[in-house]
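Open the model in your viewer and keep the selection panel at hand. The tour goes from the ligand to its pocket, then to a second pocket and a cavity.

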Amino acid sequence: MKLFFETDYEKMSRRAAGIIAAQVINRPKSVLGLATGSSPLGIYKLLAGWNRAGELDFSKVTTVNLDEYYGLEPTHEQSYRRFMNDNLFNKINIDKARTFVPDGMAKDFEKECADYDGLIEALGGIDLQLLGIGYNGHIGFNEPGDSFEAATHRVKLTESTMAANSRFFPDGGMPEYALTMGMRAIMGARKILLIAGAEKAEIIERAVKGPVTPAVPASLLQLHPDVTIVTAAK
Ligand code: F6R
């Protein structure tokens with residue numbers, strides 16, 4: 001496990017964006033696993049800027065996102081598909097047909113989840129998976145529990161996650177369920193890059209130094225051979 005301690009959010013974003021850019025330059029056909037939330041916004045801004053400047057080409061890249069709220073239309077302001085379009089995909093030269101986010105409107109969510117795992121397998125797995133982390137140690141929406149969930153699945157969001165994310169739904173209506181990639185696809189990624197701002201210091205400490213336990217899903221990353229964690233001190 002490699003750890004970078006950056007002084008602030010800007011430097012954390014620059015370090016992480018540089019790692020993603022290097023991946024794309026070394027392997028233009030990379031499959032990138034992507035995250036949403038506030039943590040990666042700085043990274044996406046930098047990547048879009050480098051693309052605009054002609055320094056980074058996404059034309060052959062494929063992306064698979066970690067998760068989507070269950071019950072939100074892809075066009076909903078708070079859907080993760082919309083987030084990705086607005087913050088990254090519409091700003092880079094990626095082929096949108098090769099950007100994948102679980103379908104939060106799928107009636108048959110079990111089929112949608114199985115298909116998503118099938119898609120990741122058909123793509124040959126993920127080259128680089130970007131992760132944020134929840135205050136409760138979730139990665140994707142793999143919430144703390146009694147066992148690690150291997151497959152993509154529908155999850156009931158915990159109180160902690162509802163409390164952390166309800167700020168994005170000022171008028172209410174935050175979905176209680178989400179579809180999330182499971183631990184198998186995440187742990188199967190050839191490289192993992194986790195970013196965590198200063199507010200996540202405590203849970204990072206538990207995830208990195210504590211026991212490997214489904215009570216802290218991110219602790220499983222201790223068993224992955226190529227994890228880079230980039231944190232910010234403020
Ligand atoms: C989002 C995701 C989540 C977030 C985590 C941190 O796709 O998978 O695990 O990374 O909830 O969210 P922020 O960055 O908003 O603190």
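How far is an oxygen atom of the ligand from an N or O atom in the side chain of threonine 36? Select both: the distance is 2.8 Å. Bear in mind throughout that this is a predicted model, and that the distances, areas and volumes here are computed from it.

**Stop 1: the ligand and its shell**

Keep the ligand selected and add histidine 138. An N or O atom in the side chain of histidine 138 is 2.7 Å from an oxygen atom of the ligand. Next add arginine 167, which places a polar side-chain atom 3.4 Å from a ligand oxygen. Taken alone, the ligand exposes 410 Å², and the protein buries 96% of that area.

Now widen the selection to the residues around the ligand. There are 14 of them, and the closest are Ser39, Asp67, His138, Gly140 and Lys200. Colour this shell by residue class: three residues are nonpolar, eight are polar and three are charged.

**Stop 2: the largest pocket**

Which pocket does the ligand take up? The space taken by the ligand is the largest pocket. Hide the ligand to look at the space itself, which comes to about 430 Å³. The lining of this pocket has 27 residues, and those closest to its centre are Thr36, Gly37, Ile133, His138 and Asn165. His138 is thus a residue to keep labelled, as it is also listed among the closest to the ligand.

Turn on the cartoon and select strand E4 (67–69) and helix H5 (159–165); these are the elements that give two or more residues to the lining. Helix H5 gives the most, with four residues. By class, the lining of the largest pocket divides into 11 nonpolar, 12 polar and four charged residues.

**Stop 3: the second largest pocket**

Move to Phe5, Ala201, Ile204, Glu205 and Thr231. These are the closest to the centre of the second largest pocket, out of 15 residues that line it. The space in the second largest pocket is about 230 Å³.

Which elements each supply at least two residues of this lining? Select strand E1 (2–6), helix H7 and strand E10 (227–232) to see them. Helix H7 gives the most, with five residues. Colouring the lining of the second largest pocket by class shows nine nonpolar, two polar and four charged residues.

**Stop 4: the cavity**

Stay with helix H7, which spans residues 201–209. Helix H7 also gives the most to the lining of the largest cavity, here with three residues. The count comes to one cavity of 30 Å³ or more, and the volume of the largest cavity is about 30 Å³.

To show its lining, select Met1, Ile133, Leu194, Ile204, Ala207, Val208, Ala218, Leu221 and Ile229. What is the make-up of this lining by class? There are nine nonpolar residues, no polar ones and no charged ones.

Two residues are worth a last click. Ile133 lines the largest cavity and is listed among the residues closest to the centre of the largest pocket. Ile204 also lines the largest cavity, and is listed among those closest to the centre of the second largest pocket.

Notes. Residues are numbered from 1 along each chain as its sequence is written. This is a predicted model: local features need pLDDT of at least 70, side-chain atom pairs count only at pLDDT 80 or more; totals for chains, interfaces and linings use all residues. Side-chain values use heavy atoms; hydrogens and water are left out. A residue is near a molecule or strand if one of its heavy atoms lies within 4 Å of it. A polar contact is a pair of N or O atoms within 3.5 Å; within protein, one must be able to donate a hydrogen and the other to accept it, and residues adjacent in sequence count only if both atoms are side-chain atoms. Accessible areas come from the Shrake-Rupley method with a 1.4 Å probe; for residues, only the protein chains shown count as cover. On a 1 Å grid over the protein atoms alone, a cavity is a set of points where a 1.4 Å probe fits but cannot get out, and a pocket is an open set with protein on both sides within 12 Å along at least five of seven lines; lining residues have an atom within 4 Å of a point. A molecule sits in a cavity or pocket if more than half of its atoms lie within 2 Å of its grid points. Ala, Val, Leu, Ile, Met, Phe, Trp, Tyr, Cys and Pro count as nonpolar, Asp, Glu, Lys and Arg as charged, and the others, Gly among them, as polar. Grid points are joined across faces, edges and corners, and a volume is the space filled by probe spheres set on the points.
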